[in-house]
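Visitor: Please take one part of this model and go through it closely. I would like the central sheet, with enough of the surroundings to place it.

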Amino acid sequence: MDQLVKILDGYIEKKRQKLTALSEEIWRYAEVGYQEFQSAQALERCLEEEGFTVEKGVAEIPTAFVAKYGSGKPIIGFLGEYDALFDLSQQAGNPQRASFENGPAGHGCGHNQLGVGSLAAAMAVKDYMKEHGLPGTVAYYGCPAEEDGSGKMYMAKAGVFDELDGAFTWHPSSINAVDGTSSLACICVLYRFHGRATHAAGQPHLGRSALDACELMNVGVNYLREHMIQEARVHYAYRDAGGGAPNVVQDHAALYYFIRAPKVYQAMELRERVDNCARGAALMTGTTLEITTTDGLCDFIPNQTLSALLQQGLEEVGAPRFSEADKALAAQFQQGYPAEELKDQQRAYEADYGPAIAQQVAGKSLMDFVLPLQFDPAAHPGSTDVGDVSYVCPTAQLRMATYAIGTPDHSWQLTAQGGCSIGHEGMMAAAKVMAYAGVCAMRDPKVLEKAKEEYVKATGGNYICPVPVDLKPMLDGVK
Ligand SMILES: [Zn+2]
């Protein structure tokens with residue numbers, strides 16, 4: 001084992017119990033976006049105990065915080081998340097559907113481990129700085145509301161990440177790999193139409209239907225699809241269908257749109273065209289229109305220089321050390337997944353990594369090896385607010401196995417595995433890999449210079465805010 005990995009492994013293993021207990025505590029709180037008061041407090045408390053100085057409530061968000069140790073440059077940051085998802089409460093380690101008594105929400109995306117794993121990395125870098133006299137600053141960014149609320153976008157907009165020379169984060173996963181794939185930028189917009197209610201049979205000529213406006217807007221956008229870039233993804237939902245009475249002309253109706261594209265500027269341009277469909281629909285129906293941007297995210301740009309450091313760390317640390325009991329339990333979860341999904345996943349391994357690796361995965365319940373580093377020019381068709389950080393400073397992201405192969409994202413099965421030892425092992429390994437990359441980056445100014453050059457080339461060195469600059473986070477969750 002590499003000497004540095006050995007040292008960092010020692011720091012992190014020494015605190016194993018404290019770290020896994022903290023992950024389980026946040027798992028139990030299962031608080032949704034901007035409501036993560038207990039979770040943020042638990043993380044803040046732990047960082048204070050570790051000697052970090054904590055600034056609470058940054059960017060005017062009560063559950064956002066920054067914890068720092070050391071002083072001056074370079075400044076390396078670790079990003080932590082800790083929000084849960086509605087309707088995904090589930091008992092820890094139970095492969096049969098059974099809600100946990102803590103309420104409707106559950107950690108169906110593993111953010112309890114995400115928050116604590118990044119904290120453990122920051123803590124190990126701090127221990128290393130202390131013992132080896134490494135100069136600079138290590139920071140932990142407590143980032144709320146990743147699932148719904150774009151916490152990091154509001155933090156980026158407020159300049160919270162401006163001082164960073166580099167940022168590392170990770171996400172719980174079924175694979176062990178560095179994220180060489182970008183993700184789509186996304187803008188969320190609410191279109192609310194106002195019309196005039198009348199008797200739909202008696203005075204239809206006096207009615208102005210907000211529901212008609214919604215339908216015409218959707219028709220317009222569906223025609224627009226042929227003339228947008230292929231990688232764009234536009235989806236909508238009715239937020240208000242105008243009521244249940246066919247004999248009343250609907251004087252109110254609303255649509256909620258997500259507009260995604262590989263680059264944030266493309267999403268912003270496309271959004272203008274979707275707005276125009278709404279404006280046209282309002283004109284056609286004689287209704288009035290209110291357009292509200294609720295959220296937005298940049299695409300994620302993986303920094304190849306920092307990603308290479310993560311890959312080195314990943315190869316040195318290796319896959320999570322799953323026990324036989326972990327593997328057996330993961331296999332029980334797999335039995336509940338449709339064969340079609342498992343087959344689809346197997347095909348994806350073959351397409352992404354070739355037949356040899358697909359063969360290596362086949363029949364396994366947990367990934368017990370490390371994937372090679374690949375930079376894929378095509379964006380992953382999801383979105384994350386880590387993208388906004390990648391537009392502010394060089395950013396790299398890791399994925400570490402914390403659940404069975406084939407587990408759907410945002411599922412109760414994922415909640416269950418994140419609350420037991422399968423999730424703990426992945427979290428511990430992720431912390432070691434990130435700590436390794438963090439120390440390597442801090443020790444070598446040339447690496448950080450190269451990372452910055454690459455970042456400037458990719459972004460122009462400027463944050464592109466995907467939403468109006470005066471937009472405030474919806475802290476009460478009402479959109
Ligand atoms: Zn997530």
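Guide: This is a predicted model, and the description below starts with the whole chain before turning to the sheet.

The chain holds 15 helices and 13 strands. Its C-alpha atoms fill a box of roughly 80 × 50 × 45 Å along the principal axes. For 479 residues, a compact globule would have a radius of gyration near 23 Å, and the chain has 23 Å, so the two agree. Buried residues account for 54% of the 479 residues. Of the contacts between residues at least 6 apart in sequence, 82% join residues at least 24 apart.

Now the sheet. Seven strands make up an open sheet with mixed pairing, in the order β1-β2-β4-β3-β5-β13-β6. The edges are β1 (53-56) and β6 (177-178); each has a single partner strand, so one side of each has no neighbour in the sheet. In general, strands of a sheet pair through backbone hydrogen bonds, in a parallel or an antiparallel sense.

Start at the β1 edge. β1 pairs with β2 (residues 65-71) in the antiparallel sense, over four bridges. One residue pair in this register is Lys56 with Phe65 of β2. On its way across the sheet, β2 also pairs with β4, again antiparallel, over seven bridges. Here Ser71 stands opposite Gly136 in β4.

The next pairing has the other sense: β3 and β4 run parallel and are joined by seven bridges. Ile75 has Thr137 of β4 as its bridge partner. β4 thus has an antiparallel pairing with β2 and a parallel one with β3.

β4 (136-143) deserves the closest look. Eight of its eight residues are buried. Burial applies to both faces: Gly136, Val138, Tyr140 and Gly142 lie on one side, and Thr137, Ala139, Tyr141 and Cys143 on the other. Two of these buried residues have already appeared in the pairing, namely Gly136, opposite Ser71, and Thr137, the partner of Ile75.

Two helices lie across this part of the sheet. Helix α3 (residues 37-49) crosses β1, β2, β3 (75-81) and β4, and runs at about 155 degrees to β1. Helix α4 (residues 111-132) lies across β2, β3, β4 and β5 (166-173), at about 155 degrees to β3. β2, β3 and β4 are therefore among the strands that α3 lies across, and they are also among those that α4 lies across.

For the surroundings, consider another strand, β8 (residues 185-194), which is mostly covered, with eight of its ten residues buried. β8 runs antiparallel to β10 (residues 252-261), with ten bridges between them, and Phe193 has Ala253 of β10 as its bridge partner. β8 also pairs with β11 (residues 288-297), antiparallel, over nine bridges; the partner of His194 in β11 is Thr288.

A helix elsewhere in the chain completes the picture. The twelve residues of α9 (residues 324-335) should span 16 Å at 1.5 Å a residue, and the end C-alpha atoms are 17 Å apart, which agrees. Asp326, Leu329, Ala330 and Phe333 of α9 are buried. Seen down the axis, the buried residues of α9 fall within an arc of 100 degrees, so they line one face of the helix. What covers them includes α13 (412-418) and α14 (421-443). On the other side of α9, Glu324, Ala328 and Gln335 are exposed.

Notes. Residues are numbered from 1 along each chain as its sequence is written. This is a predicted model: local features need pLDDT of at least 70, side-chain atom pairs count only at pLDDT 80 or more; totals for chains, interfaces and linings use all residues. Helices (H or I, at least four residues) and strands (E, at least two) are DSSP runs, numbered from the N terminus. The radius of gyration is taken over C-alpha atoms; the globule rule is 2.2 Å times the number of residues to the power 0.38. A residue is buried if 20 or more other C-beta atoms lie within 10 Å of its own, exposed if 12 or fewer, and partly exposed in between; C-beta atoms are placed from the backbone. Two residues are in contact if their C-beta atoms, placed from the backbone, lie within 7 Å. Two strands pair if DSSP finds at least two bridges between them. Axes are lines fitted to C-alpha atoms, for helices over the stretch in contact, and angles run from 0 to 180 degrees between N-to-C directions. The expected span of a helix is 1.5 Å times one less than its number of residues. The arc is that of the directions from the helix axis to the C-beta atoms.
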